[in-house]
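Welcome! Let us take a short walk through a protein model and look at a few of its residues and the links between them.

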Amino acid sequence: QVQLVESGGGLVQSGGSLRLSCADAGRTFSSSAMGWFRQAPGKEHEFVAAINWSGSSTRYANSVKGRFTISRDNAKNTVYLQMNSLKPEDTAVYYCAHGRIQHCSGYQCYDEDSYDYWGQGTQVTVSS
């Protein structure tokens with residue numbers, strides 16, 4: 001049984017920063033890839049970032065590359081998403097996801113089907 005709890009969302013002005021956290025109560029966190037996805041009102045789920053089991057490899061959507069950083073602390077069973085230079089287009093509910101796989105080779109970590117558990121989501125709102 002895997003439980004994911006996101007936190008750190010909120011309201012910020014354009015250009016500001018937020019750090020999202022996702023605490024994973026499951027026993028398989030340290031052996032699983034983790035990802036962040038987001039969904040804006042009226043839009044589909046969008047891949048944001050992913051990290052392999054050890055934290056040695058990361059992947060980013062082009063829309064956030066250079067602004068967002070994903071990291072993890074396996075000792076704390078927590079994955080983070082540091083979001084800098086936020087834009088109104090980043091406004092969405094952000095979800096962390098627990099991967100079925102360990103690695104992010106190829107495009108597997110971009111695929112929602114690579115994840116088996118999802119958090120409840122945390123709202124990020126960026127004002128202009």
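## Two links and two acidic residues

This model is predicted, and it holds two disulfides. Let us meet each in turn.

The disulfide between Cys 22 and Cys 96 has its sulfur atoms 1.9 Å apart. This pair ties together distant parts of the chain: Cys 22 belongs to strand β3 (residues 18-24) and Cys 96 to strand β9, with their positions 74 residues apart in sequence. Are these two cysteines buried or exposed? Cys 22 has a relative accessible area of 0%, so Cys 22 is buried. Cys 96 is also at 0% relative accessibility and therefore counts as buried.

The other disulfide is formed by Cys 104 and Cys 109. Both of these cysteines are buried. The table puts the two links side by side.

| Disulfide | S to S distance | Angle about the S-S bond | Handedness |
|---|---|---|---|
| Cys 22 and Cys 96 | 1.9 Å | 50° | right-handed |
| Cys 104 and Cys 109 | 2.1 Å | -80° | left-handed |

If you number the bonded cysteines in sequence order, the pairing reads 1-2, 3-4.

### Asp 90

Now let us turn to Asp 90, found in the loop between β8 (78-83) and β9. Its relative accessibility is 2%, and buried means under 20%, so Asp 90 counts as buried. Which side chain makes a polar contact with the side chain of Asp 90? The partner is Arg 67, at 2.8 Å. Arg 67 also appears among the residues that Asp 90 touches, leaving out those up to four places away in sequence; the others are Arg 38, Phe 68, Ser 85, Val 124 and Val 126.

### Glu 112

Our last stop is Glu 112, which sits in the loop between β9 (92-99) and β10 (115-118). Glu 112 has 32% relative accessibility, a value between the 20% and 50% limits, so this residue counts as partly exposed.

What does Glu 112 contact, apart from its neighbours within four places in sequence? The answer is Phe 37, His 45 and Trp 118. With His 45 there is a polar contact between the two side chains, at 2.9 Å.

Sequence and space can also be set beside each other here. Glu 112 and Glu 46 are 66 residues apart in sequence, while their C-alpha atoms are 9.1 Å apart in space. Try finding this pair in the structure, and then look for the polar contact of Glu 112 with His 45.

Note on methods
Residues are numbered from 1 along each chain as its sequence is written. This is a predicted model: local features need pLDDT of at least 70, side-chain atom pairs count only at pLDDT 80 or more; totals for chains, interfaces and linings use all residues. Side-chain values use heavy atoms; hydrogens and water are left out. Helices (H or I, at least four residues) and strands (E, at least two) are DSSP runs, numbered from the N terminus. Buried means under 20% relative accessible area, exposed over 50%, partly exposed in between (1.4 Å probe, protein chains only). Contact means heavy atoms within 4.5 Å. A polar contact is a pair of N or O atoms within 3.5 Å; within protein, one must be able to donate a hydrogen and the other to accept it, and residues adjacent in sequence count only if both atoms are side-chain atoms. A disulfide is a pair of cysteine sulfur atoms within 2.5 Å.
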